[in-house]
Amino acid sequence: MATAIFCAGVNYADHAKEFGAAQQPQPTIFMKSPASVVGHDAAVRLPRFLRSDKVDYEGELAVVIGKACKNVSKANALDYVLGYTCANDVSARDWQIQRGGSQWCRGKSFDTFCPLGEPTPISAIADLQDLLLTTRLNGEVVQQANTATMIFSVARLIAELSQGTTLLAGSVILTGTPAGVGAGRKPPRFLRDGDVVEVEISG
């Protein structure tokens, strides 16, 4: 199980635009409960008992911290990454925006709301900022972007998060999602029973 899950909000300019969010000088960070993690091919359970019908997908690149670090520089940040993988930052938008007091943690931390793939060793990829991220909903491409278009790079996120805070080995960082989420569509397209969401990252 992940020791902690840190997430970068609105880290792609096109995603910020679809929600009308202004670009910030520093990353917007929130957390998900480690208990929300499930593996490849696992089912996401829609929390109907919480009266939520606005559950959304967010395909993301995730990185796994391999050794504890604190106050690291951007230049050295990737030395602490064990591997990277695909993630789906599943989000109950009504709980994220309305019912949770505008605190994102609740709407993103229900059980099964953090599907993660098997990590690929960091040594297997030349550049984390040159990967194609694709999300499909029932076979249809709904998100596609290169990680080069992140507002804050992976190294910058790790450096920022580690300032004054120890990132424990096993911590997972979700690095943000591009445009195309269900809540940004017109009309919105939220997840329904039986939907299949696939997140793919080149390499």
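Phe190, leaving aside its neighbours within four places in sequence, is in contact with Asp53, Lys54, Val55, Asp56, Arg93, Ala183 and Asp195. The model that shows these contacts is a predicted one. Phe190 is found in the loop between strand S12 (172-174) and strand S13, and with a relative accessible area of 17% this residue counts as buried, because the cut-off for that label is under 20%. For a sense of scale, the C-alpha atom of Phe190 is separated by 18 Å from that of Thr134, which is 56 residues apart from Phe190 along the chain.

One of the contacts of Phe190, Asp56, makes a good next stop. Asp56 lies in strand S4, which spans residues 55-56. The residue is buried, and its relative accessible area is 0%. What does the side chain of Asp56 make a polar contact with? The partner is the side chain of Arg93, at 2.9 Å. Arg93 also appears among the contacts of Phe190. Beyond the neighbours within four places in sequence, the surroundings of Asp56 include Asp89, Val90 and Ser91, as well as Val181, Gly182 and Ala183. Arg189, Phe190 and Leu191 are in contact with Asp56 too.

From here the description turns to the sheet. Six strands, in the order S2-S1-S12-S5-S6-S9, form an open sheet with mixed pairing. S2 and strand S9 (120-121) stand at the edges with a single partner strand each, so one side of each is left without a neighbour in the sheet.

Within that order, S5 sits between S12 and S6. S5 and S6 pair in the antiparallel sense over 7 bridges. Glu60 has Ala87 in S6 as its bridge partner, while Ala62 stands opposite Thr85 in S6. Towards S12, S5 is joined by 3 bridges, and these two strands also run antiparallel. Here, Val64 has Val172 of S12 as its bridge partner.

How many of the residues of S5 are buried? The count is 7 of the 7, so S5 is largely enclosed by the rest of the structure. Gly59, Leu61, Val63 and Ile65 point one way from the strand, and Glu60, Ala62 and Val64 point the other way. Residues on both of these sides are buried.

Helix H4 (residues 154-161) gives a similar picture to follow. In H4, 6 of the 8 residues are buried, so the helix is largely enclosed by the rest of the structure. These buried residues are Val154, Ala155, Leu157, Ile158, Ala159 and Leu161. What do the buried residues of H4 pack against? Their partners are strand S1 (5-9), strand S2 (28-32), strand S5 (59-65), S6 and S12. S1, S2, S5, S6 and S12 also take part in the open sheet.

The last feature to visit is the largest pocket, in which about 670 Å³ of space lies. Of the 27 residues that line this pocket, Asp41, Ala42, Pro115, Val197 and Glu198 are the closest to its centre. Strand S6 (81-88) and strand S13 (197-201) each supply at least two residues of the lining. By class, the lining of the largest pocket holds 13 nonpolar residues, 8 charged residues and 6 polar residues. S6 thus links the topics of this passage: the strand pairs with S5, is packed against by buried residues of H4 and contributes to the lining of the largest pocket.

Note on methods
Residues numbered from 1 in each chain as written. Predicted model: local features only at pLDDT ≥ 70, side-chain atom pairs only at ≥ 80, totals over all residues. Heavy atoms only, no water. 1 Å grid on protein atoms, 1.4 Å probe; cavity = no way out; pocket = protein on both sides within 12 Å on 5 of 7 lines; lining within 4 Å. Points joined across faces, edges and corners; volume = space filled by probe spheres on them. Helix = DSSP H or I, 4+ residues; strand = E, 2+ residues; numbered from the N terminus. Nonpolar A, V, L, I, M, F, W, Y, C, P; charged D, E, K, R; others polar. Buried < 20%, exposed > 50% of the residue type's maximum accessible area, 1.4 Å probe, protein only. Polar contact = N/O pair within 3.5 Å; in protein donor to acceptor, adjacent residues only side chain to side chain. Contact = heavy atoms within 4.5 Å. Pairing = 2+ DSSP bridges.
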